[in-house]
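Biologist: I should like to learn how to read the features of a structure that is new to me. May we go through one together?

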Amino acid sequence: MAKPRIVIIGAGLGGTIAAYEIKAALKGRADVLMIAESETYSFVPSNPWVAVRWREPEAIQVHLPPIFARKKIGFTAIGAKRLHASEKRVELNDGESVDYDYLVIATGPDLAFDEIEGLGPGGYTASVCQTAHASHAATLFDAYLENPGPIVVGAVQGASCYGPAYEFALILDTELRRRKIRDRAPITFVTAEPYIGHLGLDGVGDTKSLLESKLRDRHIKWITNARVAKVEPGLMHVEEVAEDGAVAKTHQLPFGYSMMLPAFRGVPAVRDIAGLTNPRGFILVDEHQRNPAFPEIFALGVCVAIAPTGPTPVPVGAPKTGFMIESMVTAVAANLAALVAGFGGDLERRLSGGFRRRRRRLRRPAANSAPQRQLGRQRQMGPSGEGGLRKILPAQGAQGRERTLLRTAGDAHHGHPQASHVTLPLNLEPTDEPRSCRHDLRRMRRAGGRDPVLRRPSVVDRRDRLRGVEHDPGRVHGLLSGGHGFQGHGPAPRERLPMSLRRAAPCLGRPS
């Protein structure tokens, strides 16, 4: 029987780590193919450093084909020309097509420089959205240093990525101070946000006060609720919008150097597909990162449609941060693993915390048969906890000891509660036998082994492999294995038992 094919479009931050995690989650049950626009991966968060030559482009780039070959993931850099969702195929730029059983869209955004006259590298402002843009910005900055003047930095209306704009303003301030020409370079920060520190999220904690204070300390002026009308050589026309949407004030800002982040939209390969995208071309997804109209299509990263946090005088998009993208990747990988494993219609219940596991009888000594029967009769789903999590509550024997297993596939971000607890009574006598802890972990693993999200614990407890790490089975310990955690409280020993742990991490929680 042929394996299902999973195709990923886009080898950026989200697409690359999605390929790795999906390949690991499927465990050879499906073929994975990456369709990229280039053989080179660029670490986009470092682009602001490239723009002032704190890094060279080669320092933040990786050649992908040999890495994907080593991981046994298919790779092509021909690029996607058009998605034909109803036919389950992707048309490539060379005219060939690739069929798929499941598709993961991680294309990132299309940069809408053309929506404002004179904006972008093809106009009169710089950009740090792509590494090639950052290299061009570095060339412009070199020319600017020969004749310093006013600087305008910020993000235009409709933008959704404000963090790099603030970062770049502070980077420019630092670099100009190092060169001792800051007094000749007044900086103005122009943003569509209703206030400094909004970040497209209506603020995060005290970001308003913190960022306002930082900009004041660096002598950086700002204009909020700003709408860039057009950009001319050395001059930016900005409209300051009032709460009612009317133009309250206009500004003509001269500049010798300017970097403005543009608005984003969906890429042409997926834009204007009914049921798949919104009017801006972003992919519509449900709480499992899956498109409702085409359930075999998943999406993650900047290409996903996320509604703004609320109304603003000037359009402000919602950002998709690196942490958010990693959470999306984990959800997509877990969901695909469940689908390929054949869970099908149970996917929603399984990954929303409402799936009742099949019971599995653990091997126990004959003396413990009564508690085991009691466990089988009385095990039930507990009440929903914080974030929609549920807990399986077994009955406890009179002399039973508890060991807790915590499994997680990320966080409960964006409606993806993906963690639960299983509590098992282990009626074991205290022992000094070095294999006991590993034996108990194996029991725990078997108890949750039917869940596709759960992975095997990584434990080494042989005395001949000690590396100076001591482990006391009578105390809580934490193990991290491939992003999933285990914690337990074992029987108290008569002496400390050394144990070497691979990928050890702090405890994810402590039993009361």
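Biologist: Which cysteine sulfur is closest to the sulfur of cysteine 129, and why is there no bond between the two?

Modeller: Please keep in mind that this model is predicted. To judge a possible disulfide, one looks at the distance between two cysteine sulfur atoms, which must lie within 2.5 Å. Here the closest cysteine sulfur belongs to cysteine 161, and because it is 7.0 Å from that of cysteine 129, the pair is too far apart for a bond. The structure as a whole holds zero disulfides.

Biologist: Is cysteine 129 buried or exposed?

Modeller: A residue counts as buried under 20% relative accessible area. Cysteine 129 has a relative accessible area of 16%, so it is buried. Cysteine 303 is also classed as buried, because its relative accessibility is 3%.

Biologist: How should I read a sheet, and in what order do the strands of the open sheet containing S15 run?

Modeller: Strands of a sheet pair through backbone hydrogen bonds, in either a parallel or an antiparallel manner. In this case three strands form an open sheet with the order S14-S15-S16, and their pairing is antiparallel. Strand S14 (226–232) and S16 are the edge strands, each pairing on one side only. On average, neighbouring strands of this sheet are turned by 20° against each other, with direction ignored.

Biologist: How many bridges join strand S15 and strand S16?

Modeller: Strand S15 (residues 235–241) and strand S16 (residues 247–254) pair in the antiparallel sense over seven bridges. One may follow individual positions across the pair: histidine 237 has glutamine 252 in S16 as its bridge partner, and leucine 235 stands opposite proline 254 in S16. The two strands form a hairpin with five residues between them, and glycine 245 in the turn has a positive phi of about 90°.

Biologist: Which residues touch the most other members of the largest nonpolar core?

Modeller: That core has 56 residues, and those touching the most other members are Ile151, Phe168, Leu176, Met236 and Tyr257. Helix H5 (residues 163–178) gives the most to this core, namely seven residues. A second, separate core has 54 residues, including Ala30, Ile73, Ile283 and Met328.

Biologist: What is methionine 236 in contact with, leaving aside its neighbours within four places in sequence?

Modeller: The contacts of methionine 236 include Thr125, Val152, Val228, His251, Gln252 and Met260.

Methods:
Residues numbered from 1 in each chain as written. Predicted model: local features only at pLDDT ≥ 70, side-chain atom pairs only at ≥ 80, totals over all residues. Heavy atoms only, no water. Pairing = 2+ DSSP bridges. Helix = DSSP H or I, 4+ residues; strand = E, 2+ residues; numbered from the N terminus. Axes fitted to C-alpha atoms, helices over the stretch in contact; angles between N-to-C directions. Buried < 20%, exposed > 50% of the residue type's maximum accessible area, 1.4 Å probe, protein only. Core = buried A, V, L, I, M, F, W, Y, C linked by side-chain atoms within 4.5 Å. Contact = heavy atoms within 4.5 Å.
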